[in-house]
Amino acid sequence: MTKTLEENEVLHRSVILYVDDEKDNLELFRLQFGDEYELITANSAKEGLKILSSDPRVAIILTDERMPEMTGIELLEEIVTKEPDTIRIIVSAYSDSQRLLNALNRGRAHEYIVKP
């Protein structure tokens, strides 16, 4: 069965996944960027992992660093071998250099963004 051009475009459309345990942050992100990008949000790392395993369109993953059960760095460590082509970004309210090094080395994050 041959896919139409429109179906191929939908299959190749990039999606941003934002993982944060604070619902207000997820909603603010959606309000800020939802009109320009296709967004999926998850309120835990485990939920983010489920989304990643079921949606191959996810191209960018933003994750909060500090979350219960599994940190953002642990999430990135888990997905780096499964999803090596995704862009991985840590978002944190903390800016100390050890956390930055952990995010870049352990989670192979492409970027570390400090929350305003």
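# Notebook: Arg88 and its surroundings

**Entry: the Arg88 side chain.** I began at Arg88, where a polar atom of the side chain sits 3.4 Å from the backbone oxygen of Pro84. I am working from a predicted model here, so the distances below are computed from its atoms. I then looked up another backbone oxygen, that of Arg108, and found it 3.1 Å from a polar atom of the Arg88 side chain. Arg88 itself belongs to strand 4, which covers residues 87-92.

Which side chain of opposite charge is nearest to Arg88, and how far away is it? I found Asp85, at 7.2 Å. Arg88 therefore has no salt bridge, since a salt bridge needs the nitrogen and the carboxyl oxygen within 4 Å. Arg88 is nevertheless buried.

I also listed the contacts of Arg88, setting aside residues up to four places away in sequence. Among them are Ile61, Leu76, Ile79, Val80 and Glu83, and further along the chain Gly107, Arg108, Ala109, His110 and Glu111.

**Entry: Ile79 and helix 4.** Ile79 was on that contact list, so I turned to Ile79 next. With neighbours up to four places away left out, Ile79 touches Leu49, Leu52, Ile61, Pro84 and Arg88. Pro84 and Arg88 thus come up again, this time as contacts of Ile79.

Helix 4 spans residues 72-80. Which of its residues are buried? I noted Gly72, Ile73, Leu75, Leu76, Ile79 and Val80. They lie on the same side of helix 4, because the arc they cover around the axis is only 155 degrees. A handy reminder for my own use: an α-helix has 3.6 residues a turn, so residues three or four places apart point the same way.

**Entry: Glu74, also in helix 4.** Glu74 has its place in helix 4, and I wanted to know how open it is. Its relative accessible area is 33%, so Glu74 counts as partly exposed. The backbone nitrogen of Thr71 lies 2.8 Å from a polar atom of the Glu74 side chain. Beyond four places in sequence, I found Glu74 in contact with Glu69 and Arg106. I also checked Ala45, which is 29 residues from Glu74 along the chain; their C-alpha atoms are 8.6 Å apart.

**Entry: the nonpolar cores.** How many residues does the largest nonpolar core hold? I noted 20, with Leu17, Leu75 and Ile79 having the most contacts inside it. Strand 1 (15-19), strand 2, helix 3, strand 3 and helix 4 each give two or more residues to this core. There is a second, separate core of eight residues, and it includes Ile16, Tyr18, Phe29 and Ile89.

**Entry: salt bridges.** After finding none at Arg88, I looked for them elsewhere and counted four. In one of them, the side chains of Glu38 and Arg57 meet at 2.8 Å, N to O. This pair joins distant parts of the chain, 19 residues apart. Glu38 is in the loop between helix 2 (23-33) and strand 2 (39-42), and Arg57 is in the loop between helix 3 (45-54) and strand 3 (58-64).

Asp55 also bridges to Arg57, with the closest N and O atoms 2.9 Å apart. Is Asp55 buried or exposed? Asp55 is buried, because its relative accessibility is 12%. Its partner Arg57 comes to 21% and so counts as partly exposed. Glu38, at 22%, is partly exposed as well.

My next note is on Glu78 and Lys82, which form a salt bridge with closest N and O atoms 3.2 Å apart. Shared partners join Glu38, Asp55 and Arg57 into one network. As for accessibility, Lys82 is exposed at 55%, whereas Glu78 is partly exposed at 33%.

**Entry: the chain as a whole.** To finish, I stepped back to the overall layout. I counted five helices and five strands in the protein chain. Read from the N terminus, the order is α-β-α-β-α-β-α-β-α-β. Of the 116 residues, 37% are buried. I also noted that, among contacts with a separation of 6 or more, 53% are between residues 24 or more positions apart.

Methods. Residues are numbered from 1 along each chain as its sequence is written. This is a predicted model: local features need pLDDT of at least 70, side-chain atom pairs count only at pLDDT 80 or more; totals for chains, interfaces and linings use all residues. Side-chain values use heavy atoms; hydrogens and water are left out. Helices (H or I, at least four residues) and strands (E, at least two) are DSSP runs, numbered from the N terminus. Buried means under 20% relative accessible area, exposed over 50%, partly exposed in between (1.4 Å probe, protein chains only). Lys and Arg count as positive and Asp and Glu as negative; His and the chain ends are not counted. A polar contact is a pair of N or O atoms within 3.5 Å; within protein, one must be able to donate a hydrogen and the other to accept it, and residues adjacent in sequence count only if both atoms are side-chain atoms. Contact means heavy atoms within 4.5 Å. The arc is that of the directions from the helix axis to the C-beta atoms. A nonpolar core is a set of buried Ala, Val, Leu, Ile, Met, Phe, Trp, Tyr and Cys residues joined through side-chain atoms within 4.5 Å.
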